[in-house]
Amino acid sequence: MIELRDIHRTYRIGESSVHALRGVSLTIGQGEFIAIMGASGSGKSTLMHILGMLDKPDSGEYRLLGRDVRNLPEDELATLRNNVAGFVFQQFHLLKRMSLVDNVRLPHIYSGERGDCRAGAMERLTMVGLGERAMNTPNQLSGGQQQRVAIARALVRDPMIVFADEPTGNLDSHTSAEIMRILQELHREGRTIIMVTHEQDIAAYAERVITMSDGKIVRDERTPAAEHRTPVAQAAPDIASSVSGWGNGRFAGFVTQALQSIMANKVRSFLSVLGILVGVASVIAMMALGRGAQVSMEEQLTSLGSNLLSVRGGSSTFRGAAQGAGSVTRFTFRDVERIAALKGQVSHAAGVVSGSAQLVYGSANWSTTLEGVGMDYGIMRSMLPDVGRWFTDAELKRREKVAIVGVSVVKELFGTGVNPVGKTIRINRINFTIIGIAPAKGFTGHRDADDVVLIPVTTAMYRVLGKDYLDRIYVEASAPSVIDRAIEEIDRVIRRAHRLDEDDESFSIRDMTEIQEMLSSTTRTMSMLLGSIAAISLLVGGIGIMNIMLVSVTERTREIGLRKAIGAREGDIMLQFLVEAVGMTLTGGLIGILAGIGVAWGLSVFAGWSVQTSLYSVLLATGFSVLTGLCFGLWPAKKAAALKPVEALRYE
C-alpha cells in the first residue's frame, strides 16, 4: 500500500543543516499496525509526517496505492489527506471555541460533500464513549477524553490509514490503555495504523516495530501481537476521484467557521470594525452634505446666464440621468455652417473632434488629450495664445500640421524656460509644428485643462484620428437674452438637416457650459475633500482589520496546520480568512450606514444644513467596506494559506 524508496529530508536551522532522514526505504502493507520508535532527533516524527503527506521529502520516491504522490501539488495532497488519512496528535489540536461535534465534523467541511455530517460525527463520538458530551467544549474534558475526541475526528471521513503521533504522551497509564484499546479495535477493523511512540509498552501493542537512529531505519521487526492477528481487508478509496472540486458544503462551512471566530473574540472584533464603522458613516454623511451643497449651488446659479452652448451627439441628461435613448447624430461641417448662419441668435460656431495623442520630442514623450478645433473655437473658449498665434483659415482648409499646446505639455516635453514655438513634435507619429501656447487654465475638476494639444479640426479628422464626423459643436449665442431662441433654432436646423422627428433624442444642446464646469469643479473639489477625510477613516479601519487578521494568523498557526492536515487546501484557508475579514468590515459597514444616515439627519435638523442622502452613497459605502475587507484581509489570508502543515503544527 505504501512504498518509500531512498527518502531524504534535510531541514535548515539558521545556517546549519539537519539531516532528518537519510535514504529511508520502507514498505507498509494494508492493515498493518506499525510503531515507529527512536530517540529524540532520530527522524521518527519526520518519517510519519512524510508518510502522512504533511511534509515532502527532498528526494526519493513515495508511492501510495501504486501512485507517486511526492510531487503532487499541495491542494491534491490536502484532498488525499482528507480522504485517505486520519491524524491523532499528541497535543490533541482541538478548537476550543467549537463544540465536540463541530470539532469531529471539521474534516467534512473540506470534503466538498453535501450535508453537515453531524450524524456521522455523533456516531464517531458515541464509538469513543463521548456521545452524551457532544455539545461540550474541549476545555470541559480531561486529557484522555480530548484524545478520544481527536480519534473520533480522525475517523469521521472513514480513512484507510490512521496516523498517531505520540497518542499517549500526555496521558496517564490507565487512559493510555484506553486509547490503545481503541486503536487496536480500529486495527481489527482492517485499518492501517502508523504510530510514533517512545514507550516500549505502547509499541508492544503494534504488530511491527520500526526503530530509527540518526535518520535511518536500524531495526524493523515483528512483535508477538502479529502472530495472533486475523487480517481484515478494507476497500481502498479511489484516489483519482478523491481529488474533488468545491461541492456544496465548503463555503457554508467557511462562513460558519468565520462567524465562530468573530464571536469568540467579541470585544476585539468590535474594536476592529470601529474604524470601518466611522469611515462608512463619514462617507455617507459627507456625501449627503456635498450633494446638498451642490443642489443649493445649482439653485443659486439658475439666475446666471452664459452665452456658450454645446451641441453633442447622444441623448440629453439632467443631473446625471439620461432623458432619452436613440442613435447618435453625426455632425458635419455643413451643420456648423448652418448654425453659424443663424444671424441674430449666433455669433460664433466651431466643430470639435477629440481623441488621445502620444507626443514625442527628442527623447521625451507624453500622452495627452488631442482636440481638433475650428477657427472660432479660440474666441469662444478664450484659448487664443499669449505666445504665438492661432490657426489661419488657409491652414484649416489645407489640413496643415500645426499645433497649439497647453502649458503642461510644454513642461513635460521641453521643460521650463523654453519657448517651443517653431519646434517640431510628433503627434501619433506625425510631425507637427508648434505655432502657439494656449493660455493656462488650471485644473477643471480632476482634469488638467492645460494638458491638451489643439490642431485644426480638418487635420485631426482626416490625418490623425480618421474620423468623418464632428464629436460636438460649440456655439456662442449673440446675447444671454437670445439663448433660448438660439437653442430652438439650432434644434430646428439640425432636425431638418438630419430628418429627425421631434421626439428623437439622438443629440442634445447644453447651455451654461462654463458655469456648469465651474460648478462641477467646485463640487467635485469639495466632495474630494470630504471623501478624502472619510477615506482616511476607512484606511485606518482597514489597517486595523489587517493588523487583527495578522495577529489572528499568528495566534491560530497551529489551527491552520490542523486544518491543512485534515484536508484544507490553500484556497480554503485563504477564503476562510477573507470571509472573516469581509464579515467584520461588512458588519462595520452596515452599522456605519445607519450611523451615517443618522448624522446626516442630525446636520439637517439641528444645524440647518442642506443634506441629501442618496442610495448611491449607501451602495458606495457598503461596496467600499467589502472592498476594504478584501484588500486588507488579502495579505493575512495569503500568509495563512502559505503556511506548511508540519511547520504550522509545530509552531510554539
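**Getting to know this predicted model**

Me: At 27% relative accessibility, does Arg67 count as buried, partly exposed or exposed?
Reply: This is a predicted model, and the values here are computed from it. Buried would need a value under 20% and exposed one over 50%, with partly exposed in between. The relative accessibility of Arg67 is 27%, so this residue counts as partly exposed.

Me: Which side chain meets that of Arg67 in a salt bridge?
Reply: A salt bridge asks for a side-chain nitrogen of Lys or Arg within 4 Å of a carboxyl oxygen of Asp or Glu. For Arg67, the N to O distance is 3.3 Å. The partner is itself partly exposed, with a relative accessible area of 23%. Its name is Glu76.

Me: What is the bridge partner of Leu64 in E5?
Reply: Strand E4 covers residues 59-64, and two bridges join E4 to E5. These two strands run antiparallel. Strand E5 takes in residues 67-68, and there the bridge partner of Leu64 is Arg67.

Me: In the open sheet of four strands, what is the order?
Reply: Let's walk across this sheet, where the pairing is antiparallel. Strand E2 (16-28) and strand E5 (67-68) each have a single partner strand, so one side of each is left without a neighbour in the sheet. Those two stand at the edges, and the full order is E2-E1-E4-E5.

Me: Over how many bridges do strand E1 and E2 pair?
Reply: Strand E1 spans residues 2-13 and pairs with E2 in the antiparallel sense. Within this pairing, Leu4 stands opposite Leu26 in E2. The number of bridges between E1 and E2 is nine.

Me: In the hairpin of E1 and E2, which residue takes a positive phi?
Reply: This hairpin has two residues between the strands. The positive phi is near 65 degrees, and the residue that takes it is Gly14.

Me: In the open sheet of six strands, which strands stand at the edges?
Reply: Here the order is E6-E7-E8-E3-E9-E10, and the pairing is mixed. The twist averages 20 degrees from one strand to the next. An edge strand has a single partner strand, so one of its sides is left without a neighbour in the sheet. That describes strand E6 (85-88) and strand E10 (216-222).

Me: What is the bridge partner of Phe87 in E7?
Reply: E6 pairs with strand E7 (residues 161-165) over four bridges. The two strands run in the parallel sense. In E7, the partner of Phe87 is Phe163.

Me: What angle does the direction of helix H1 make with that of E7?
Reply: Helix H1 (residues 44-51) packs on the sheet of six strands. The strands it touches are E3 (33-38), E7, E8 (192-196) and E9 (208-213). Between the directions of H1 and E7, the angle is about 155 degrees.

Me: Arg81 forms a salt bridge with which residue?
Reply: At 0% relative accessibility, Arg81 counts as buried. In its salt bridge, the closest N and O atoms are 3.0 Å apart. The partner of Arg81 is Glu74.

Me: How far from Arg569 is the nearest side chain of opposite charge?
Reply: Arg569 lies in the loop between helix H19 (557-565) and helix H20 (570-606). Its side chain makes a polar contact of 3.3 Å with that of Thr79. Arg569 is buried yet has no salt bridge. The nearest side chain of opposite charge belongs to Asp572, at a distance of 4.8 Å.

Me: By about how much of a helix are Glu337 and Arg334 separated?
Reply: The side chains of these residues meet in a salt bridge of 3.1 Å, N to O. Glu337 is partly exposed at 47%, and Arg334 is likewise partly exposed at 45%. They are three residues apart in helix H12 (residues 333-340), so the separation is about one helical turn.

Me: What is the separation between the C-alpha atoms of Thr622 and Leu586?
Reply: Thr622 belongs to helix H21 (residues 615-641) and is buried, with a relative accessible area of 19%. Leaving aside its neighbours within four places in sequence, Thr622 is in contact with Leu586 and Ile593. Thr622 and Leu586 are 36 residues apart along the chain, while their C-alpha atoms are separated by 7.1 Å.

Me: What share of the residues in the protein chain is buried?
Reply: The chain holds 22 helices and 24 strands. Among its 652 residues, the buried share is 50%.

How values were computed
Residues are numbered from 1 along each chain as its sequence is written. This is a predicted model: local features need pLDDT of at least 70, side-chain atom pairs count only at pLDDT 80 or more; totals for chains, interfaces and linings use all residues. Side-chain values use heavy atoms; hydrogens and water are left out. Buried means under 20% relative accessible area, exposed over 50%, partly exposed in between (1.4 Å probe, protein chains only). Lys and Arg count as positive and Asp and Glu as negative; His and the chain ends are not counted. A polar contact is a pair of N or O atoms within 3.5 Å; within protein, one must be able to donate a hydrogen and the other to accept it, and residues adjacent in sequence count only if both atoms are side-chain atoms. Two strands pair if DSSP finds at least two bridges between them. Axes are lines fitted to C-alpha atoms, for helices over the stretch in contact, and angles run from 0 to 180 degrees between N-to-C directions. Contact means heavy atoms within 4.5 Å.
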